[in-house]
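Biologist: Please take me through this structure by question and answer. I should like each reply to end on the value or name requested.

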Amino acid sequence: MWFRRRRRRQPPPVLLPSLDRLAELIERVVALLDQVSLAPVPVPESKPEPARGIVLKQHNPAPAVDGWVALVPSPEGYRLLQRAGQPPEQGAALELDDGVFVVLRLGPSPLPGDRRRCAYLEQEPPSPERTLDR
């Protein structure tokens, strides 16, 4: 019985010029970070206090979102319906033109930049009719 001895593979050679270049880049990044961290920090100006009896109008960064959208499956594909009011809860049944649908989950709207909630719906299977022979 003959046994072959496996030869060990030689590791690839280390490229010293590329390591030197990497070391130079790291030194430049560290120097730039030192410059940025040592730069003077601008001090924000203090806001004058409003006089008593004067109410300043406050900016509301997140305006109230009115309505919600529903992603409804159909044989031709998905439809996106817009609805007013509050979105339904998960598991709620909705009656639409095509039948009764159940809310699988609530998530963000698939429309870009739309802050409304989206109800992902699934058509509720028709209830089997009970017969006496079953």
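Biologist: Which residues does valine 72 touch, not counting residues up to four places away in sequence?

Modeller: In this predicted model, local features need pLDDT of at least 70 and side-chain atom pairs count only at pLDDT 80 or more, while totals for chains, interfaces and linings use all residues. Residues are numbered from 1 along each chain as its sequence is written, and side-chain values use heavy atoms, with hydrogens and water left out. With contact taken as heavy atoms within 4.5 Å, valine 72 touches Gly77, Tyr78, Arg79, Leu81, Leu96, Phe101 and Leu121.

Biologist: Which element gives the most residues to the largest nonpolar core?

Modeller: A nonpolar core is a set of buried Ala, Val, Leu, Ile, Met, Phe, Trp, Tyr and Cys residues joined through side-chain atoms within 4.5 Å; buried means under 20% relative accessible area, exposed over 50%, and partly exposed in between, with a 1.4 Å probe and protein chains only. The largest such core has ten residues, namely Trp68, Ala70, Val72, Leu81, Leu94, Leu96, Phe101, Val103, Ala119 and Leu121. At least two residues each come from β1, β3, β4 and β5 (117-123). The element giving the most, with three residues, is β1.

Biologist: Which residue in β2 stands opposite leucine 71?

Modeller: Strands are DSSP runs of E with at least two residues, and helices are runs of H or I with at least four, numbered from the N terminus; two strands pair if DSSP finds at least two bridges between them. Strand β1 (residues 68-74) pairs with strand β2 (residues 77-83) in the antiparallel sense, over seven bridges. The two strands form a hairpin with two residues between them. Opposite leucine 71 stands leucine 80.

Biologist: How far apart in sequence are arginine 79 and aspartate 98?

Modeller: These residues form a salt bridge, that is, a side-chain nitrogen of Lys or Arg within 4 Å of a carboxyl oxygen of Asp or Glu, and their closest N and O atoms are 2.8 Å apart. The pair links distant parts of the chain, with arginine 79 in strand β2 and aspartate 98 in the loop between β3 (93-96) and β4 (99-108). Arginine 79 is partly exposed at 31% relative accessible area, and aspartate 98 is partly exposed at 42%. Their separation is 19 residues.

Biologist: Why are arginine 21 and glutamate 24 separated by about one helical turn?

Modeller: The two form a salt bridge with their closest N and O atoms 3.8 Å apart. Arginine 21 is partly exposed at 46% relative accessibility, and glutamate 24 is partly exposed at 44%. They are about one helical turn apart because both lie in helix α1 (residues 16-38) at a spacing of three residues.

Biologist: Is arginine 116 buried or exposed?

Modeller: Arginine 116 meets aspartate 114 in a salt bridge, at 2.9 Å from N to O. The count of salt bridges comes to three. With a relative accessible area of 15%, arginine 116 is buried.

Biologist: What share of the 134 residues is buried?

Modeller: The protein has one helix and five strands, which run α-β-β-β-β-β from the N terminus on. Among contacts between residues at least 6 apart in sequence, 34% join residues at least 24 apart. The buried share of the 134 residues is 14%.
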